[in-house]
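Please consider the following chain together with its three-dimensional model. The paragraphs after it lead from charged pairs to aromatic rings, the nonpolar core and the backbone.

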Amino acid sequence: MAGCDRVSVLPLEIKISLLSHLDFKDAVRTSALAHSWRHLWTLLPRLSLSSCSDPLGLDEDEIGDFYAFNIMWMERVVNLVSSLRGPILHFGLAFYYCPYRQSDPLLQHLLHLLLQKGGVVTLHLHNFNPRYRAVICLPFFHALKELGLSDCHLVLPTGFRRLDRLTELFLVDTQISSDDLIAAKGPLLINLSFPLMRHLQFCVDDSVEEIFVISAPCLEEAFIFHDKGVNFTSEKLARITLGLVTSIVMVSSLTLGFDALKDFSLVTLPFNFTFPRLRFLSFYLNIDTVDKRMYDAFAWLLRSIPFLEELEIE
């Protein structure tokens, strides 16, 4: 019929689905166009915010203090999340971490708010401040399938062993520790289990002694790289990297974002080790530094991959 508002009579779940395809600011503006849509933005299951592109009504020039602006911005994020009525399934936050200026309690309060609302499936936290890792005390999100952290220090709960539903992990310049390990006051030995993880992206640094993925039977793709660049390595870093690489034996595609032969030439390689499912391998090579140990490492690598179909060397 002419003049009939067919959009307003759509079922609630379809309206929310339509708004979910917009960024949050546009979704709020769209909700203001009709009375029946006025509060729909509070039911959105997806929220992604950045202190650079979403000032949330704040003017940094008027506030005058960069750190004060970021603290006030984080307070507004907490208030915004508190005002949302439905569960937030997908949450992303890009922020500037200000240590010793109330960042820690605000960030932790935000994570607990998300936990209380339930159902978090995707969680991405990106810290813009490269000088300090944001401390993340991760609550146990039972439904979490994708976790991405950048420039963070992830503190796992006492007794933590696994994220049962995690399928994708993205860690960049992120250190991992737990209450158990810190209490022991010894070298940090990271043992992680991800029963459903399909994609792993991990940045290796020398802040821990060993990193092992003790269970990831569904792992399909892995990208391992070093926090200090392609050409940086040391005996300790090589040992940590080898431990991680040889613990993901069920992977089918492996990309090493560093000079793998140089790394593996510095350590004792495990005898009779194999990747039974690996089909694709990619790594960097500095041809100016090839020596016999690197050749031996290359021979070991090829012997370890009996069913390799594609090899990419950059």
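Is D296 buried, exposed or partly exposed? In this predicted model, D296 has a relative accessible area of 34% and is therefore partly exposed, since that class lies between the limits of 20% and 50%. Its partner in a salt bridge is K292, and the closest N and O atoms of the two are 2.9 Å apart. K292 is exposed, because its relative accessible area is 60%. Both K292 and D296 belong to helix 9, where a spacing of 4 residues corresponds to about one turn of the helix.

The structure holds 2 salt bridges. Besides the pair within helix 9, the side chains of E309 and R279 meet at 3.6 Å, N to O. E309 is in the loop between helix 9 (292-303) and strand 15 (310-313), whereas R279 is in the loop between helix 8 (260-264) and strand 14 (280-284), so this salt bridge ties together parts of the chain that are 30 residues apart in sequence. E309 counts as exposed because its relative accessibility is 66%. R279, with a relative accessible area of 31%, is partly exposed.

Strand 15 also contributes to a nonpolar feature of the surface, for L311 has its place there. Together with L302 and I313, L311 forms a nonpolar patch with about 220 Å² of accessible area. L311 itself counts as partly exposed, because its relative accessibility is 36%.

The aromatic residues come next. A pair of aromatic rings is described by the distance of the centres and the angle of the planes. The structure holds 9 aromatic pairs. In one of them, F66 and Y96 are arranged edge-to-face, with 4.7 Å from centre to centre and 80° between the planes. This pair links distant parts of the chain: F66 is in helix 4 (residues 66-83), and Y96, 30 residues apart from it, is in the loop between strand 2 (90-95) and helix 5 (103-117). F66 is partly exposed, because its relative accessibility is 33%. Another edge-to-face pair consists of F273 and F275, with centres 4.8 Å apart and planes at 85°. Both F273 and F275 are buried. These two residues also belong to one aromatic cluster with F258, F264 and W300.

In soluble globular proteins, nonpolar side chains tend to be buried together. Here the largest nonpolar core has 83 residues, of which F91, L93, L123, L200, L254 and L256 touch the most other members. Helix 4 supplies the largest share of this core, 8 residues. The surroundings of L256 can be followed in detail: residues up to four places away in sequence aside, L256 touches I224, V245, F264, L281, S282, F283 and Y284. F264 thus appears both among these contacts and in the aromatic cluster.

Which backbone positions deserve a separate look? Most residues other than glycine have a negative phi. L56, which is not a glycine, has a positive phi of about 55°. L56 is found in the loop between strand 1 (46-50) and helix 3 (60-63), and it counts as partly exposed because its relative accessibility is 26%. N272, likewise a residue other than glycine, has a positive phi near 60°. The place of N272 is in the loop between helix 8 and strand 14, and its relative accessibility of 63% is why N272 counts as exposed.

Terms used
Residues are numbered from 1 along each chain as its sequence is written. This is a predicted model: local features need pLDDT of at least 70, side-chain atom pairs count only at pLDDT 80 or more; totals for chains, interfaces and linings use all residues. Side-chain values use heavy atoms; hydrogens and water are left out. Rings of Phe, Tyr and Trp (its six-membered ring) pair if their centres lie within 6.5 Å; planes under 30 degrees apart count as stacked, over 60 as edge-to-face and the rest as tilted. Helices (H or I, at least four residues) and strands (E, at least two) are DSSP runs, numbered from the N terminus. Buried means under 20% relative accessible area, exposed over 50%, partly exposed in between (1.4 Å probe, protein chains only). A salt bridge is a side-chain nitrogen of Lys or Arg within 4 Å of a carboxyl oxygen of Asp or Glu. Patches are made of residues with over 30% relative accessible area and no salt bridge: like charges are joined within 9 Å, nonpolar side chains (Val, Leu, Ile, Met, Phe, Trp, Tyr) within 5 Å. Accessible areas come from the Shrake-Rupley method with a 1.4 Å probe; for residues, only the protein chains shown count as cover. A nonpolar core is a set of buried Ala, Val, Leu, Ile, Met, Phe, Trp, Tyr and Cys residues joined through side-chain atoms within 4.5 Å. Contact means heavy atoms within 4.5 Å.
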